[in-house]
Every structure is written in C-alpha cells, then in structure tokens.
There are 2 protein chains.
Amino acid sequence: MDKKFDYESLFSKSSLEIEISKVSHAKYDFAVAYPPPETIPLNGLLEGLSEGLSKEGKDLAYYPDVMGALSLREFVCQKLQEDRGFFSDPDEIMITQGSAEANNLVIQALTDPGDTVITEEFVYLGTLRQLRRAKANVFGSKLDENGLIPEELENLIKKLIKKGKKIKYIYTIPEFQNPTGSTLPLERRVQILKIAEKYLIPLIEDDCYVDLRFEGKTQPSFKSLDSSGLVIHVASFSKLLAPGLRMGYVIADISVLKRMMSFKSSQSSQFVSLAIEGFLTKNMDNHKNKIREILKEKCNAMTTALGENFGGINAKWSNPGGGCYVWLTMPERINLTKLQGVCFDKGVGFIPGSSFSPEGLGDNCARLCFAYESPEKNRDGINLFGEILHQLNLI
Amino acid sequence: MDKKFDYESLFSKSSLEIEISKVSHAKYDFAVAYPPPETIPLNGLLEGLSEGLSKEGKDLAYYPDVMGALSLREFVCQKLQEDRGFFSDPDEIMITQGSAEANNLVIQALTDPGDTVITEEFVYLGTLRQLRRAKANVFGSKLDENGLIPEELENLIKKLIKKGKKIKYIYTIPEFQNPTGSTLPLERRVQILKIAEKYLIPLIEDDCYVDLRFEGKTQPSFKSLDSSGLVIHVASFSKLLAPGLRMGYVIADISVLKRMMSFKSSQSSQFVSLAIEGFLTKNMDNHKNKIREILKEKCNAMTTALGENFGGINAKWSNPGGGCYVWLTMPERINLTKLQGVCFDKGVGFIPGSSFSPEGLGDNCARLCFAYESPEKNRDGINLFGEILHQLNLI
C-alpha cells in the first residue's frame, strides 16, 4: 500500500479523540498537583519491596488477584479502621491505579451518556474530565470555606428533580478538597448523608488527601457515618507516598465492584503493592509526621507571601490545615483565566478557577499548589506573581 | 436507612456484571499461563529499581507521562529494533498494564457492539473475554500446526463479507500462539498481510511470547513487514520478567492511540518502569538465555511424559520451540471439557480447548502449561493424568 491506512471510519462510537499532551512546567510551578518530592521514601520503598519480595516474591509469577494483592487489601482494612473509623472486608476492596482508576471505574459503572451528576462547584480536574468522557451532565453545588453547603445541595437536587432529572450520584472530596482546600465539618457530613439517603443518591467520597493534615482535626469519613451502603469510598497512595507508584483503592458494595470489573483492563501491580505494604507497615507514623512538617512550612511560606503581595487589595485566600492547595480569590476585575498564559511565560504557573468549574465560572480564582516547590520558591514565586500583576497595572 | 441500598437500577448500560473469581490451583497446575517462577530476577529488578531511583527517583513525585515513562519507551524502541526488526518512535508507544490493558484499549477503541472480529479458531482466553465484553461477534479462523491458514482466513473473510458483515480487525498471536503454541512462518505472514491490505482490515499482532524461544528461529514480526499502517503491535514484560509487574506496551498509529486514551484510567507506574528498564538494560541477553534453558527442560519433561502415557492411543500434541504451552489433541471420544473437573479434583489442572474457542469447539483438546511447574512435576503430573484416564477406562 502506498498510502497509510486511515482508521477514522473504524473507531467505536464510545471512543473520543484525546489529545496526548505533554506537560510543561513554569519556573515557579504552582499549577501541579504533586506532594513534596523530598518526602518520597525512595530507600524505604526499596527496603519494603526487598522484604516483600523475599517473603512473597514468587507471587510475581502469578497474575495477581483481580481485586489486587490480598496482603495490601488487608493492610488497607487496618489503615481504614485506624484512620477513618470503619471496618471493611478485603473482599470489598479493589486495588486500583491511583484514585484515578478507582474514580473512572465507578463513573463508567454508574454513568450513561446524558446522566445527571452533582459535584462541588469547583471540582478536581481529573474527575471532571472523566465525567465529561462519560458524557455526564455535571452540576456544581455551592461551596464555602467549609466545603459543600448542605442547604444549597438539597436545593440543587430539588431543582434538578423538578426539571425531571434523575441524579445518578454525588462526587465529593470532603477532606482538603481539590481545588479549594476546604474540609467538611462533621455536622455537614451528617446533613449531607441524610440528604443522600432521603433522595437515594449514592455518594462517592474521594478521600485522597486525608493523610496530609498538619493542623486541626481530621473529620470522620462519610463511609464511617453511613449505614445505608450509599457511600463509595475512594483513596490513594499518591499523596502519602508518590504519584509515580500509581496505586489507590476503592471500597464499595460488591454489586458495584462487579460492574466496575467490566471496565478494568488489568489487575494492579503486585510489585508496587509489596513496596507500599512493606514500607507503610513499619513507617506510617514517622512518614506522615515528616510530610506534615514539610507541608506546614511550605504552606506558611506561600500564605505569608500572599499576605505581603495581595493583603492590600480585595483578595482572599484559604488557610488550609493540610492537603496541597491554597485557593486564591482575586477581585472580580482580575481575570486569572486570561492571565494564565502571561504568568506562565513569566515564570508563574497556576490553574485558573474556571478550569475546575463544570460551568466554566471562577475567572478570578486560582488553585495554587504549595506542596511541590520549596518554601523559598513558594515565597519568590508569589512575589513574582505580585510583580507581574503590578506591572500590568492590575494591583 | 434500615435496608441496604440497591444499586441495580443505576448501573450503566455498557456495564456487565463480572463475577469476582478466586483462582484455585491443582497439585499439578498445567492450567495456568505463568512463566517459570524460578526465573524471576527478584534481586536484579531490585538493583535495577535502586539505580533508576537514584537517577530519576524524584520523578515519582510527578504524575507520569500519559504515554508512560519516556526512558522505558526509548528502551522499548531499541528492543523492537534489535529483536523485531522495526523502527518506532517513542511517541507511537504507549506503556500499559501488561498486554491485557493494551489489547483492551485497542478493542474498546475499535469495537462497537455487534461488530465482526476474526481471531484464531482457538484464541487467548483473556482477549476472548475482552471481545465478549465489547459485545463483538467473534469468528475463529482455522489453525494448523503452523498457525493461521491464509487460504482459510481469506475464505472466512469472503464468507463474512457475503453475509454483509464488515470485519473490524483480525487479532492474532503469531509467535507461540496461546493456546496452541504454533508459530506462523514468514511466508504465511506475508500472505496474511496481503489479505489484510486487500480487504483493508487492521491486524492486531500480540507478540507477548516472542522472548521465550528455545529452539528454531524467531519469525519477523508482522509490524516489520508492514508498510500500510494496518498492524497494531502489542507486547508484554509479563513472560520475560513477571506477570506481577503488570507492564506491557502497544505500538499503533497515533490516531488509534488517541482513541485508546479515552478508555485509559491512569498512567502506568513509573516505579515499575524504572525497575524493568534498569534490569533489562544490563541483563537482557543473560536473562533470556536463562529462561530458555529452563523452559526447554520443562517442555521436554512434559512432551516425554506425554509420549510415555499417550503414545499408544490416537493422541497428538505439539512440540513447541518456545512459549509456555503444549496443545494436546485427544481422540474425539475423550471429552476433556467434561473431564476438567474430575482431573482437577484428582490433582491435574488444565484448560480444555472449548474454553478458547469462540464457538465452544475443541472438547477433545487441552492447553497444558509446561512453564510453571518443575520438570519433575511436569512428568509426575502427566503420569497422573494418564492414570486418571486409565482408571476411567478411557485409555
């Protein structure tokens, strides 16, 4: 054949063309969603893996259990009981490639094109993309500094029902929400769960930042408060250990897991499971304490610099007690969606609020990741951000 | 809520209920699809990982490139050029969770429910399951001891076209086919490629056993013979290193990769990539030689025992020059589909031919994995198999 074959007419109706993008980084990269690279326990993971391989290495010859390595699922049960206050059975846990795969499988199992789904008004970009790929109609529910507002959520549900919509599920990150950094207090969780029960709407709880608290008290998980079975609990080792491991997990009703299984391409890596279990079994508390100290210093450096640069104008920013992000709200006249490119070119990366909004709102907002760069770069980068806006006569 | 929530009404139309099965093993387990466990280079992988982490460990803080670690893709390019005779660009390679994910993404990108797909008449179980999940109509094309028969393939294509079917693609394992162990000679590959070009049907070449040859000559890959762009090349590190790593790759036209991306839940693990690249860069040839010797001994032990036990009846078995499987064809009166359970209970595990057939044919055939058990167990297990059939007055 002279001409290269054109596949266009063969693609399945359910497939979409996804651009294969390469990530570029600004000098001061607050656009990322990475934990502190200096906390990654490279030697500890190697040691954990080495021990695991000497005990269970021969298992690498097997195709792993479809639900993931049993020993890691047992470890997760113990972690959830200690950290998140609920019992689960290893049979209800599926090990996944980060929380990304967990969320994607839940979304594929529960979403038909045109289905109605509720998220926070600003929602984690990865999940928003997955929901769009599943052709869901996504409605954002109002947030304040304490996360989802129960009354607003119920009003939205009523409004959608009135329009004849059946709401398939609610997706939320209750602890250090991505992108706003808010944490839902206990009372709101109880109220929201009552609403979910009243309207029989499942609730996907994405708990991927829970290990990163350096101030205040971790709130009980939705799952620990739930007796209805409506809560699907998703979490990850990406923030606690490293995104490059690609490992997370999901706890759900067995009927949901069986449906998720029909979209799962492969079992999760036994090799990575052994490293994680080996390391965390011995080092969980020490490691968490180390991360927390580093995160706190980085967060302080960023919020202090925000105060010095934007304290005089009508700007607000969150003061998170953990997680990775500060949420910045500028005066309405400052359009950060439009300024993203200019700032990136001059050395400051961030993601504008509009990228996280199902409706494209939030031009004057931005998510700033404080976890990745050093405290010094957090300070210098925010100072440069201030200078850029000053040079543009915006502040 | 008193009663547990019932999700049944919420599941997406595209989801299927998949039973979450636990694998059980017979005393002599010839049912598995595992490489020799004693060849897994546990220390070598640890060393490779250790080196990789000391050089690139900070990258674990990043979410990996959507296509997989660049350094591993570059290594794969080099391996393909040396071992499979074709050049490719790292941008055309996607790292996946084993070949399982690679195949599944290709199938999802190219298959609508009801689509017509051609495979070998006995086809790898995992792919057959994926095709069924995608609701493809699968037609098996006749095999002999040299794999797909080009004339039979063209006849099948003509027959299907006559019936008004549009054939979406052909899936084949040309080297040590699973389950029959056959290898397609060069002339047949050339003929089959011509047929694919004549009818404009893409060909998925699953090359996952290519590294396991202990006798004879590796045949050129379809991809190396292809100038049309019709060949999609899939391969894996599962057999060369260990299934528990969960890593493979696919080379395809960028337009296909973009569609596959819409079903990919997560990037592949940087951690596993570093271990594989670190180990193979230094040890590929030594490691391959080690596997080959062990495989040869195991294969001989099994075929010798088959001769001793079934040489006197009208049975046939393949004499593979590599891979993991011997294909056993018993006289028609011996129904191995029905005997599978009895034999398993008495200690001999195998998978009957009918499990691999889109049409459920092949009751008198079985796939016997010689790679997993020791030579002694291969011998003893086949002896026991003979005894069982003798006790049942079948031989």
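In what order do the strands of the open sheet of chain A stand, and what kind of pairing joins them? In this predicted model, the sheet is built from 7 strands arranged as β2-β10-β9-β8-β7-β3-β4 (chain A), and the pairing is mixed. The edge positions are taken by β2 (93-96) and β4 (137-141) of chain A, each of which has a single partner strand, so that one side of each is left without a neighbour in the sheet. From one strand to the next, the twist averages 20°.

Within this sheet, strand β8 (residues 203-206) of chain A runs parallel to strand β9 (residues 231-236) of chain A, and the two are paired over 4 bridges. At the level of individual residues, E205(A) has H233(A) as its bridge partner in β9(A).

With regard to the overall division of the chain, chain A comprises domain 1, assembled from residues 22-41 + 287-391, and domain 2, which covers residues 42-281. The C-alpha centres of domain 1 of chain A and domain 2 of chain A are 25 Å apart, and contact between the two involves 27 residues of domain 1 of chain A and 32 residues of domain 2 of chain A. On the side of domain 1 of chain A that touches domain 2 of chain A, α9 (270-310) and β12 (325-329) of chain A each contribute at least two residues, and α9(A) provides the largest share, with 5 residues. By residue class, this side of domain 1 of chain A consists of 14 nonpolar, 8 polar and 5 charged residues.

Methods
Residues numbered from 1 in each chain as written. Chains lettered and ligands numbered in written order. Predicted model: local features only at pLDDT ≥ 70, side-chain atom pairs only at ≥ 80, totals over all residues. Domains from an automatic or database assignment. Contact = placed C-beta atoms within 7 Å. Nonpolar A, V, L, I, M, F, W, Y, C, P; charged D, E, K, R; others polar. Pairing = 2+ DSSP bridges. Axes fitted to C-alpha atoms, helices over the stretch in contact; angles between N-to-C directions.
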